[in-house]
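Reader: Could you walk me through this model and show how its labels are earned?

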Amino acid sequence: MTRDPSMRAVGWARSLPLGSSVKTARDWTREHLAALGWDRTAPGVADSVVLTVSELVTNAHVHAHSDAQLILTWDEECLHVTVHDASPQVPEQRSPDEGALGGRGLLLVDALADDVRTRPCPRGKDVTACFRPTAPGLSG
């Protein structure tokens with residue numbers, strides 16, 4: 001697909017202090033997915049995005065013991081969901097015991113997203129998941 005060089009991405013950012021509700025992140029994300037029309041045109045993908053936001057923000061708060069910066073960027077091809085935290089520790093997928101209550105978040109995110117990448121930053125790391133709408137021409 002050839003991209004129009006004049007096309008610009010649309011994005012939103014939200015700071016989520018340590019101790020803030022992950023529900024706030026989910027609700028905020030749902031609002032922006034509705035603005036893109038994904039609640040109507042790609043509801044399954046929208047649900048996957050919201051679940052991914054929940055997992056990544058939880059990881060930032062629980063495992064990184066950090067505030068989370070949530071950034072959504074739609075470039076007309078992919079919705080990039082990025083969560084930045086202050087920990088330089090790169091998340092690791094683990095194989096949880098069958099009875100374990102946690103440890104499946106990154107496995108879940110990897111299964112839901114079209115692509116997942118982690119990038120170290122000078123003051124922490126970014127974890128970015130990419131989601132593509134299921135049919136051409138979907139967005140908002």
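Author: Here is a short conversation about the sheet, the helices, a ring pair and the core. One thing to keep in mind is that this is a predicted model.

Reader: Happy to start with the sheet. What makes β1 and β4 the edge strands?

Author: The sheet is open and has 5 strands in the order β1-β2-β3-β5-β4, with antiparallel pairing. The edge strands, β1 (10–16) and β4 (115–121), each pair on one side only. Neighbouring strands here are turned by 15 degrees against each other on average, direction ignored.

Reader: How do you know that β4 and β5 pair?

Author: Two strands pair if there are at least two bridges between them. Here 7 bridges join β4 to β5 (residues 124–131), and the two run antiparallel. As examples, R117 has T128 as its bridge partner in β5, and T118 stands opposite V127. The two strands also form a hairpin, with 2 residues between them.

Reader: Which helices pack on this sheet, and which strands do they touch?

Author: Helix α1 (residues 22–36) touches β1, β2 (68–74) and β3 (79–85), and its direction makes about 170 degrees with that of β1. Helix α3 packs on the sheet too, touching β1, β2, β3 and β5, and its direction makes about 10 degrees with that of β3.

Reader: Let's zoom in on α3. Why is V57 called buried?

Author: Buried means under 20% relative accessible area. V57 has a value of 0%, so V57 is buried. This residue sits in helix α3 (residues 43–62). Leaving out residues up to four places away in sequence, V57 touches L16, V22, A25, A68 and V83. T82 is 25 residues from V57 in sequence, with 9.6 Å between their C-alpha atoms.

Reader: And why is C121 called buried?

Author: The same cut-off applies: under 20% counts as buried. C121 has a relative accessible area of 18%, so C121 is buried. C121 lies in strand β4 and touches H84 and D126, again not counting residues up to four places away in sequence. The C-alpha atoms of C121 and D85 are separated by 9.5 Å, and these residues are 36 apart along the chain.

Reader: Now for the rings. Why is the pair of W38 and W74 called edge-to-face?

Author: A pair of aromatic rings is described by the distance of the centres and the angle of the planes. Rings pair if their centres lie within 6.5 Å, and planes over 60 degrees apart count as edge-to-face. The rings of W38 and W74 have centres 5.2 Å apart and planes at 85 degrees, so the pair is edge-to-face. The structure holds 1 aromatic pair.

Reader: What parts does this pair tie together?

Author: W38 lies in helix α2 (residues 38–41) and W74 in strand β2, so the pair ties together parts that are 36 residues apart in sequence. Both W38 and W74 are buried.

Reader: Which residues of the largest nonpolar core touch the most other members?

Author: Of its 29 residues, W38, V49, V57, L70, L79, V81 and F131 do. At least two core residues come from each of α1, α3, β2, β3, α4 (105–112) and β5. Helix α3 gives the most, with 8 residues. Take V81 as an example: its contacts include V49, V53, L56, L70 and F131, not counting residues up to four places away in sequence.

Reader: What is the general background to such a core?

Author: In soluble globular proteins, nonpolar side chains tend to be buried together.

Key
Residues numbered from 1 in each chain as written. Predicted model: local features only at pLDDT ≥ 70, side-chain atom pairs only at ≥ 80, totals over all residues. Heavy atoms only, no water. Helix = DSSP H or I, 4+ residues; strand = E, 2+ residues; numbered from the N terminus. Buried < 20%, exposed > 50% of the residue type's maximum accessible area, 1.4 Å probe, protein only. Contact = heavy atoms within 4.5 Å. Axes fitted to C-alpha atoms, helices over the stretch in contact; angles between N-to-C directions. Phe/Tyr/Trp six-rings, centres within 6.5 Å; stacked < 30°, edge-to-face > 60°. Core = buried A, V, L, I, M, F, W, Y, C linked by side-chain atoms within 4.5 Å.
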